[in-house]
Amino acid sequence: MRTVAVSLLLFAAAVFTLTVGRGGGWGFVNATAEAAMVGAVADWFAVTALFRHPLGLPIPHTAIIPTRKDTLARSLRDFFTENFLTESVVRDRMAAAQVSTRAGRWLSDPAHSSRVVDETAKLFRAGLLRVRDDDVAALMGNELLPRLMDEPLSVVAGQLLQEVVHDGAHRGLVDLALAEGHRWLSAHGDVVVDVVGARAPWWSPQWLDERVAERLHVEAVAWIAEILDDPRHEARRALDELLAQLATDLQNDPGTIERAERLKRRLLSQPQVVTTATALWNALRRALVVTLDDPHSRLRARGVAELTAFAQRLVTDEALRKRTDGYAEDFAVHVVNTYGAELTTVITETIQRWDGEEAARRIELHVGRDLQFIRINGTIVGGLVGLLIHTLTVLR
């Protein structure tokens, strides 16, 4: 395009030279060529001044990009921040994008949901395999356990226990323990008899020991059955009162707090804690890896089914779509407000790293074609203006 622009200038110069001093209609041609040269040279100067000094002459306000690239970079950054990374713009674009609708339609296809689940499983599996036992042990021994030892947990435990007792959330666990205890005692009466008999005094007759043990077993089974069948049993109320008092003491009684903290430190200082935590982690990881490796596992199938069902709800449930779009907008706005300034520094830092001549060359290569059109248009428009002026002069 630069060659075309220069060729037009040379053509105008040749026509002007060949028609100088010639009368008649050639005067119009000569005036047109003369004005075309002026327009071509003027626009050449304007375009060239953006990137370098015309003819190498240090004319003021030329070579603008090489000498002021840092200022231009900051201006570009501010323009981008003020016009693109604003909350209103981001929310408008997110609303127009209809994220939940598009995602719902795409994920409604089980093949697409399966693809998402497969990729997520691969990523999760790779992450699990990269976690080493030494890392888990170091995390437990160097980070979590020391923090737990230093952090007073009695008050928190008391508050949690108080809420559990107040809501009755412990009753299901109590019922389970009673049911299992009743089942075991009912099935292992001989064990109870043997244990009681082993602790009987040496001078007691064996038949008496057996009768006492059997009676104790029958009474224990009956007592547990009574507690299990009666939600208002005195033993249950006594346990609730005990737990409530313990919750209060854990929060307010210095002695109870100190004993609880000593117990916590004593338990956490045992080396078996780290070993047990690592072993539990390994068992969980092995189970997850095996499940994630199996493309037909129930976990993957459940994931695909749940994801597909959720996507179908996104398509049909307008209230859910609005909530999801709201979450997406809030997330995008949070990213922009939190990291927008850091994102736009990519513009300034990249341009500032460029050499001035390199920056001019990069920008000129990117927009130079359009800039050469300015020179071409300047040549043509200049020639037409020259023709018009010459025509008006002759007519006057």
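The following paragraphs describe the overall form of a predicted protein model and then several of its residues in turn.

The predicted model contains 18 helices and 0 strands. Its radius of gyration is 43 Å, which is well over the 21 Å that the globule rule gives for 396 residues, so the protein is more spread out than a compact globule. Taken along the principal axes, the box filled by the C-alpha atoms has dimensions of roughly 150 × 45 × 40 Å. Of the 396 residues, 26% count as buried, and the accessible surface of the protein amounts to about 26700 Å², with 62% of that area belonging to carbon and sulfur atoms. When contacts between residues at least 6 apart in sequence are considered, 71% of them join residues that are at least 24 apart.

The largest nonpolar core consists of 7 residues, namely Val174, Leu178, Leu185, Val192, Val221, Ile224 and Ile227. Two helices, helix 10 (171-187) and helix 12 (206-229), each supply at least two residues of this core. Among the core members, valine 221 touches His182, Leu185 and Ser186, when residues up to four places away in sequence are not counted; Leu185 is itself one of the residues of the core.

Aromatic side chains were also examined. A search of the whole structure finds 0 aromatic pairs. A ring does, however, take part in an arrangement with a charged group, in that the charged end of arginine 22 sits over the ring of tryptophan 26, at 4.5 Å from the centre of that ring.

Two further residues illustrate how positions separated along the chain are placed in space. Isoleucine 257 belongs to helix 14, which covers residues 254-268, and it counts as partly exposed because its relative accessibility is 22%, whereas buried means under 20%. The C-alpha atom of isoleucine 257 is separated by 8.9 Å from that of proline 152, although the two residues are 105 residues apart along the chain. With residues up to four places away in sequence left out of the count, isoleucine 257 touches Ser154, Asp249, Leu250, Gln251 and Asn252. Threonine 345, which lies in helix 17 (residues 318-353), is likewise partly exposed, with a relative accessible area of 26%. Between the C-alpha atoms of threonine 345 and arginine 74 the separation is 8.8 Å, while along the chain these residues are 271 residues apart.

A second threonine, threonine 308, is placed in helix 16, which comprises residues 298-316. Since its relative accessibility is 8%, and the limit for burial is under 20%, threonine 308 counts as buried. Its contacts, leaving aside neighbours within four places in sequence, are with Leu107, Ser108, Pro110 and Ser113. Of these contacting residues, Leu107 is also the last position of helix 6 (99-107).

The loop that precedes helix 6 is the site of a backbone feature. Glutamine 98 lies in this loop, between helix 5 (87-97) and helix 6 (99-107). The phi angle of glutamine 98 is near 50°, a positive value in a residue other than glycine. With a relative accessibility of 43%, glutamine 98 counts as partly exposed, in contrast to threonine 308, which counts as buried.

Terms used. Residues numbered from 1 in each chain as written. Predicted model: local features only at pLDDT ≥ 70, side-chain atom pairs only at ≥ 80, totals over all residues. Heavy atoms only, no water. Phe/Tyr/Trp six-rings, centres within 6.5 Å; stacked < 30°, edge-to-face > 60°. Lys NZ or Arg CZ within 6 Å of the ring centre and 35° of its normal. Helix = DSSP H or I, 4+ residues; strand = E, 2+ residues; numbered from the N terminus. Rg over C-alpha atoms; globule rule 2.2 N^0.38 Å. Buried < 20%, exposed > 50% of the residue type's maximum accessible area, 1.4 Å probe, protein only. Contact = heavy atoms within 4.5 Å. Areas by Shrake-Rupley, 256 points an atom, 1.4 Å probe, with all protein chains shown as cover. Core = buried A, V, L, I, M, F, W, Y, C linked by side-chain atoms within 4.5 Å.
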